[in-house]
Amino acid sequence: MIANTKEVKDKGFDIKRSAEEIRNLSFKDHVCIGCGICESTCPVEAIKVGNIGPIVRNEMDIPKLEIDEEKCVLCGMCSGICPVNALDFTIDNKSISDIDTYPKYIASAEIDDETCIHCQRCEVACPREAITIPRSLPERSKLVTGEIEVNEDTCIHCGICDEMCPTDAIDVNRIPGEESILINKDKCVYCLICKKSCPVNAIKAACRSCSYGEYDIDMSDAVTTGSSFIDDETCVKCGWCEEICPVDAAKVKKQFKGTLNIDQDKCTTCGTCIDVCPCDVLSFPESAGPATRVPNVGKEEQYCIHCGACERACPTDAIDVKITDVDYTPTKSKSWVDKFEALKNR
Amino acid sequence: MELNVNQDNCLGCGVCVVACPVNVSISPEVSGGHGSRTEEIIMMVENGVIKLFSKEKCEKCGTCQMFCPVDAIFLE
Amino acid sequence: MPKHIASGLKYLAAIELKKKGFNQQLIADELEIDRSTVSHYLNGRNLSWNSIDVAKTVTSMCPKDFLIMTQSLFKDTDKTRKIVSICKNNEFEAEVADSCIACGLCVDLCLMKAVSLNSLKAQIDSICCCGCLLCKEGCPTNSIKILEVKNDREYERG
């Protein structure tokens with residue numbers, strides 16, 4: 001009999017079978033959302049998903065799922081069906097997501113760099129911290145124009161302008177015998193506060209932007225440049241970035257369509273679902289004022305990926321998540337198709 | 001994973017009794033701070049300390065543990 | 001003693017190959033033995049008839065026992081595969097049900113290298129299949145059926 005080997009790394013692990021080909025299943029705990037789809041899909045019942053509520057809430061130091069390496073037959077179904085790629089299955093070091101015969105979800109999240117204005121709204125909103133928008137701002141000095149000059153003979157080096165300057169453009173040395181005043185024209189925005197606050201009228205300054213408008217400013221220097229990066233490993237395609245993007249640069253395609261229903265009568269507001277949801281869909285609603293009633297738990301379903309993690313974690317069976325449509329690439333294998341289709345009857 | 005109590009640590013504050021969603025479902029009066037009328041619930045404070053009655057009903061959501069100020073109730 | 005039985009199996013294989021029209025040199029190459037040994041075999045010399053009887057008993061056991069016994073005699077999968085494919089008494093055809101999940105256990109279990117995966121389904125080459133049922137026994141979804149197709153070969157004492 002060919003035995004599997006298991007190698008545990010922190011809370012993740014690798015299960016491997018080396019024979020005709022090397023089959024390897026890798027579990028990444030930090031990616032797992034605890035939805036339990038792998039557990040119900042595994043044809044040999046080798047997977048046990050833990051209680052995600054206490055694990056995420058009390059930061060318990062145990063893996064979110066366990067796979068019995070003696071039962072596992074390394075078919076890779078759990079990997080193919082995991083909606084967030086927490087399980088990666090490779091054959092001879094090639095991931096099945098790169099092998100055409102294996103079905104995979106049709107899901108994506110993309111940011112169009114041409115359209116993106118690098119506002120970083122998506123980066124802040126992303127519940128999985130999967131987005132980074134590195135950006136470089138235009139130089140301030142290129143966005144203003146003006147003149148500034150200090151009459152060193154008149155200046156008494158009192159330091160008032162230094163303290164008042166909102167952009168830290170003025171540096172006054174007040175030590176007797178070493179007195180000096182320096183103005184950094186790259187920082188100055190010609191706001192004229194120094195000029196107005198100087199007690200001895202030592203500063204002459206004028207803002208040209210006001211009189212000449214943008215006449216001698218090159219607007220191409222005023223552009224914020226940058227790029228975008230979505231970490232495919234942690235992204236769950238929830239749609240926050242698409243929803244929040246002010247210029248429609250982010251596009252998300254989800255693998256599931258479905259419904260999310262909360263039975264407010266059964267809900268006891270324990271908050272487990274809120275803590276478990278990987279997509280920040282659920283929240284306790286703000287009170288709408290005295291003598292008004294709000295639901296126990298509120299939902300923003302447009303961000304829901306219908307993974308069912310909340311339903312699984314809810315201690316009072318108050319949540320019902322249904323998948324109505326699964327989008328995946330075609331495969332000739334009936335058993336694999338059956339498993340993908342079975343998601344609709346979870 | 002199982003629900004456990006450490007009665008030596010327990011202050012008898014009863015937060016877990018009220019926070020537990022299963023308790024509240026079985027015996028809604030506990031959410032008002034009253035004692036339960038039935039022993040069907042998971043946990044109750046008795047003589048100043050927490051006591052487990054039907055721990056097999058625990059759904060393992062971790063809410064009690066999150067609210068307990070002294071780690072007297074926990075999943076392990 | 002095991003060596004004698006192994007030689008007996010080679011003897012039977014040599015006879016089979018001769019029936020198929022192999023010349024002595026080809027038989028020697030195929031079985032990785034000396035040409036002179038082949039010549040002895042084909043002329044009915046060299047071996048104790050007792051070993052050949054035992055070897056015949058081995059080939060007529062159920063396919064799984066034949067295979068495993070041969071493997072334990074030769075301790076070499078390639079040689080085992082050769083002997084079994086030459087001396088097997090029956091031909092088999094396999095049916096793989098749609099419940100196959102493409103776990104590849106059958107591929108790894110098959111000593112005859114008869115199984116491969118095609119479009120996420122096991123495919124069993126009936127020419128190579130020796131009917132040992134190791135794949136069927138190891139299949140986690142019970143998707144394999146092995147059917148015996150004919151039984152028409154008898155060994156003659158050479």
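## Contact between chains A and B

In this predicted model, 14 residues of chain B are in contact with 12 residues of chain A. On the side of chain B that touches chain A, the elements that contribute two or more residues are α2 (21-26) and α3 (63-67) of chain B, and α2(B) supplies the largest share, with 4 residues. Sorted by class, this side of chain B consists of 8 nonpolar, 4 polar and 2 charged residues.

## Paired strands in chain A

Within chain A, strand β2 (residues 12-18) and strand β3 (residues 22-27) pair in the antiparallel sense, and 6 bridges are found between them. The connection from β2(A) to β3(A) is a hairpin of 3 residues, and across this pairing A:I15 stands opposite A:L25 in β3(A).

Strand β3(A) also pairs with strand β6 (residues 87-91) of chain A, again running antiparallel, through 5 bridges. In this second pairing A:N24 has A:T90 of β6(A) as its bridge partner.

## Two domains in chain C

The domain assignment of chain C gives domain 1, covering residues 2-87, and domain 2, covering residues 90-149. The centres of the two domains, taken over C-alpha atoms, are separated by 26 Å, and 9 residues of domain 1 of chain C are in contact with 9 residues of domain 2 of chain C.

On the side of domain 1 that touches domain 2, the elements giving two or more residues are α5 (63-74) and α6 (77-87) of chain C, with the largest share, 5 residues, coming from α6(C). By class, this side of domain 1 of chain C has 3 nonpolar, 4 polar and 2 charged residues.

## How α5 and α6 of chain C pack

The two helices named at the domain contact also pack against each other: the axes of α5(C) and α6(C) lie 9 Å apart, and the angle between the helices is about 135 degrees. Angles over 145 degrees count as roughly antiparallel and those from 65 to 115 degrees as roughly perpendicular, and α5(C) and α6(C) are therefore oblique to each other. Their crossing is right-handed.

From α5(C), the residues that take part in this packing are C:F66, C:L67, C:T70, C:Q71 and C:F74, which meet C:T77, C:K79, C:T80, C:I83 and C:V84 in α6(C). Taken together, the residues of the contact between α5(C) and α6(C) divide into 5 nonpolar, 4 polar and 1 charged.

Technical notes:
Residues are numbered from 1 along each chain as its sequence is written. Chains are lettered from A and ligands numbered from 1 in the order in which they are written. This is a predicted model: local features need pLDDT of at least 70, side-chain atom pairs count only at pLDDT 80 or more; totals for chains, interfaces and linings use all residues. Two residues are in contact if their C-beta atoms, placed from the backbone, lie within 7 Å. Ala, Val, Leu, Ile, Met, Phe, Trp, Tyr, Cys and Pro count as nonpolar, Asp, Glu, Lys and Arg as charged, and the others, Gly among them, as polar. Domain bounds come from an automatic or database domain assignment. Two strands pair if DSSP finds at least two bridges between them. Axes are lines fitted to C-alpha atoms, for helices over the stretch in contact, and angles run from 0 to 180 degrees between N-to-C directions. Angles under 35 degrees count as roughly parallel, over 145 as roughly antiparallel, 65 to 115 as roughly perpendicular and the rest as oblique. A crossing is left-handed if the near helix is turned anticlockwise from the far one by less than a right angle, and right-handed if clockwise.
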